[in-house]
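Visitor: Please choose one part of this model and take me through it closely. Then place it in its surroundings. Give the cut-offs as you go.

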Amino acid sequence: MTSVCIGVTIADRDFTLCSPGGIYDPSTETLFIADTHFGKDASFRHHAIPVPTGSTEATLRKIEKMLCRLPAKRLVILGDMFHDRNSLSKETLKHLDEFFETHQRIDHFLVPGNHDSDIRLIPKHWSLQIIQSGTYLDGLTLSHFPVTSDHMERIVLCGHLHPAIRIGTGNDQLKLPCFLYRDQNLILPALGDFTGTEVIRTRSGDRVWVIADEEVVTIKTEF
Amino acid sequence: MNEDSPERGKVPTPLQRIGKYFQRRGWKPFPFQKTCWRMYQAGDSGIVHSATGTGKTLAVWLGPILKWVRENPNPDKWNPKRPPPIRVLWITPIRALASDTEFNLRDPIDQLGLPWKVESRTGDSGSSTKSRQLRRLPTALITTPESLSLLLTHEKSLEQLSGLESIVIDEWHELMGTKRGVQTELCMARLRKLNPKLQTWALSATLGNLDQAVDALVGNENLSETQIIEGYQKKKIVFESIIPNQIERFPWTGHIGTKMSPQVADYLESVNNALIFTNTRAQTEIWYQEILKQRPQWAGKLALHHGSLDSDVRKWVEQGLQTGKLKAVVCTSSLDLGVDFTSVDLVVQVGSPKGAARLLQRAGRSGHQPDAVSKLAFVPTNAIELIELAAAQQAIKENDLESRKCLSKPLDLLAQHAISIAIGGGFTSEELFDEVRSTYTYHSLTKREWDWVLNFIQFGGDSLNAYPDFKRVLLRDGRYQVTDRKVMTAHRMNIGTITADSSMVVKYLSGKRLGMVEETFLSRLETDDIFTFAGKQISLVRIKDNIAYVRKAKGKPNTVPRWMGGRMPLSAELGEHLRKKLDEAAKGIFRGPEMKTVKPLLHVQKKWSIIPSADQMLVESIKTKVGWQVFVYSFEGRLVHEGLAALAAYRLSKSQRTTFSLACNDYGFVLQSPKPVDLQSILNGEVFRTDSLLDDIMQSMNSTEMSKRQFRQIARIAGLIQQGLPHRQKTAKHLMASSNLFFDVFCTYDPSNLLLEQARREVLEQQLESDRILSAVDRIRESEIVHRTPERLTPLAFPLLVDKLRERLSSETLADRVARMQRQLEKAAG
């Protein structure tokens, strides 16, 4: 898997959109990701629904791929890092321990999402800093949920929606996860390997970039 | 002593009691009913088959009654306060039928003054009734396959059920060959284990494979004799076609024949009550509107009925039919089964029923008494369908009815069943393996498959380290059992095989429910879009909490809801008779009004090309503006043609560089190419060679996508997706994932999961009908392949090309364009 990135300019600001589903902001040297839902497989197994392991590890590999390519000094997870309280199984912890061990040089931040209700369970040795929703970072607002307000000066980076769009017609249709820019919100696709998507209906003014296998493709929407 | 001779002063014999019961009703037992009673007394099992409304129920039901009366001859000792313990289980395929069945079964009990308790137990029963029943089951229990499975999870019920004398499956033809049928088989195996002398009886419509129907019913280790008893045979059926005033020589399937509605309305004037069957729910809505347009005065006396409507609405319609208050009801297969509508004296079938058995079954919904005449009027939606009706009549005459194919050992269901048994007292591996293999469906279950199922329910899958912390079924002292109450509850809530489509409730703003519409349809609607549903014209106001709120609307509807599935392919049996009818036509024989009507159409076909005889397969190649078209007509049904078309395109494109686009219908398929096609390998049969046939078909079709779709039901049955109760769904939302997601996860992280293999197998067997493809290919290879190059589209080619166009154009422009093409061809045909 090679991750391919494209540069885009949004509200006079440059970003890099990467195909697994992250956004790199060159001016702050930060990689943003959202909705990793680590350990969702473990939560399902805990409730007697047989889901095999592997997705948590695959999600971590995606992040590492991006970290390899990009000179990131910070990693920000925009919420829903874990799926629920049962996600932090032995298996999940093992893989995340390894990840934080390997990437000590980078500062890690988490904006808690609706699924991260039990952040107290997060091991201290991960050096993961919790920041509140609405925190500013060099002209950007960081949030889990999209923010709607009439007077927004900053771009909001957020997740939560797991956006995807349907392209094609009739029998020849594809549903692809996407980045969506709408009403000042730049919404990231869910990065987690075992997460569903929510098909959005594009409106005029939307900007959409889909993830098609390893490429990020700009979609023309009607204005 | 002869039982039939009454002796003065003595207690009447059981048969005399029954005789009196019949007398009081003004009936006389049919010979087949007496045969059934005798067989039952002898301890046999079996199947009673015939058309509906011919006394099958009493034929089976009175057997156990006679036997009990014989064992308890003294009425003075009959105490209604102490009803006998459970003796008979009566399985009905539809929950909604349970109360009617209960009513019917109770009648002889009451009339004979038996102390039997007859009750039903379905998803609709209250919880206090259910727990009372668990303590002491009634003498006869009416239930559904799902509720029976559920009953077996209660250990308390097992001891009582070991005293069960017989199980009766109503409408076995409906269950057989479905996962619900397999579920019933598994339950019967369990009951047989509890009582090896259990007698099994079934009521069924006539099928092409009754032997298999009996085998599936009684299993492989049945101890009793089995009987196939044909019911009342003299039922008279009259078929009639409503022939269009003008026959289109270039028919197409797109417009659904509402042009015929004035004639249909006229026809309805001449009868008391009618059922109008259409093939899809969308057509039901359209025909309801059309007939009402023809006869506005019938408002209130015309109703519609389909599976998406609210159950209250359906119940109201059914009652209206029973009391004869409704003039006519437009319906789908939702009224194929069930309640006897004695007042219905005409059945109208709109569009081809696609199978002879279905036509027969529907015809039997009218004249619902043994001696009445069933009358069916057929409304073709295009001219070629008249040939289908002629073929179906021939098939019925020759008693060449469709078979119900059995499924091959679905593991999803087996896993579900094993968990049920683990909850209901537990099992050892060998014990349940033998029991399961005693069913017809799982007779070839291997030890490897069984071990996989055990691993699946115990560990989540067969690779131990891939599913840590998973717990569902535990193995203790050699017994598989469930101890976790949460697991029990979740499992009990999810027993069953019916996959609820992701549909939304449709409600008026005032709160009145109209029914359910699939989410995919609603998601395409914009606010204020007008559509017809439940016979009402409504517009969408908003969607909130998975409920679509609507209000009444005026104006022209933009759309009719479309529901998934529905389109049945032509059956193999009917396909064969269709080819025979064409064979006759090729020889110049046109028998019956239907064939005479289509004569002009076939005449043009013959003039421009040929009418293929039974041992020929016609290939037409035509160049049109859009490209080179190759039409192949094998009359094998749409699903088979989809497979054959993909196969032909795949194999042709290996030797020549071109892209094909495809279209199929029940009569054949068309390949279209931007370049001329070298037909050599089609004409010499090379394209249809049998080596690696199914592999090539899987390769050529989007088989992964198809498997994914098939996986929906599997994921639900295997307990990956828990449907749960509606109000529970919200809290458990974080444990919901779509079946697509499960499919992807398994493909990536546990590709050897046997549920994936099952999905692939079900695609082959059910979606591609691989057996039919194989036999079609065999037949084609033995046929003479005749090639023609007509100058214009022939009557057979025309509908295929329209289907082809449909993929690309919106419906309105399509209608215009088709009409224009039709005019051009009519002109050319002179």
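Guide: A helix crossing comes first, followed by its surroundings.

This is a predicted model; local features need pLDDT of at least 70, side-chain atom pairs count only at pLDDT 80 or more, and totals for chains, interfaces and linings use all residues. Residues are numbered from 1 along each chain as its sequence is written, while chains are lettered from A and ligands numbered from 1 in the order in which they are written.

Start with helix α27 (residues 703–717) and helix α29 (residues 739–749) of chain B. Their axes come within 8 Å and cross at roughly 100°. That crossing makes α27(B) roughly perpendicular to α29(B). Helices here (H or I, at least four residues) and strands (E, at least two) are DSSP runs, numbered from the N terminus. An axis is a line fitted to C-alpha atoms, for helices over the stretch in contact, and angles run from 0 to 180 degrees between N-to-C directions. Angles under 35 degrees count as roughly parallel, over 145 as roughly antiparallel, 65 to 115 as roughly perpendicular and the rest as oblique.

Now the residues that meet. α27(B) brings Lys708(B), Phe711(B), Arg712(B) and Ala715(B). Opposite them in α29(B) stand Ser739(B), Asn740(B), Phe742(B) and Phe743(B). Contact means C-beta atoms, placed from the backbone, within 7 Å. By class, this contact has four nonpolar, two polar and two charged residues. Ala, Val, Leu, Ile, Met, Phe, Trp, Tyr, Cys and Pro count as nonpolar, Asp, Glu, Lys and Arg as charged, and the others, Gly among them, as polar.

α29(B) also faces the other chain. Chain B puts 23 residues in contact with 20 residues of chain A. On the chain B side, α29(B) supplies the largest share, five residues. That side divides into 13 nonpolar, five polar and five charged residues.

Next, Leu768(B). This leucine sits in the loop between α30 (754–767) and α31 (770–782) of chain B. Leu768(B) counts as buried because 22 C-beta neighbours lie inside 10 Å. The scale is buried at 20 or more other C-beta atoms within 10 Å, exposed at 12 or fewer, and partly exposed in between, with C-beta atoms placed from the backbone. Leaving out residues up to four places away in sequence, Leu768(B) touches Leu639(B), Gly643(B), Ile697(B), Val763(B) and Ile773(B). Its C-alpha atom is 22 Å from that of Arg716(B), 52 residues apart along the chain.

Step back to the whole of chain B. The domain assignment, with bounds from an automatic or database source, gives domain 1 (14–230), domain 2 (236–397), domain 3 (411–498 + 704–767), domain 4 (503–552) and domain 5 (609–701 + 769–829). The centres of domain 1 and domain 3 of chain B, taken over C-alpha atoms, are 30 Å apart. Their contact takes 22 residues from domain 1 and 19 residues from domain 3. On the domain 1 side, α6 (145–152), α7 (155–161), α9 (179–194) and α10 (210–218) each supply at least two residues. α9(B) gives the most, nine residues. The domain 1 side divides into seven nonpolar, six polar and nine charged residues.

Last, the partner chain. Chain A averages a pLDDT (the predictor's confidence in each residue, from 0 to 100) of 90, and 95% of the residues score at least 70.

How values were computed. Two residues are in contact if their C-beta atoms, placed from the backbone, lie within 7 Å.
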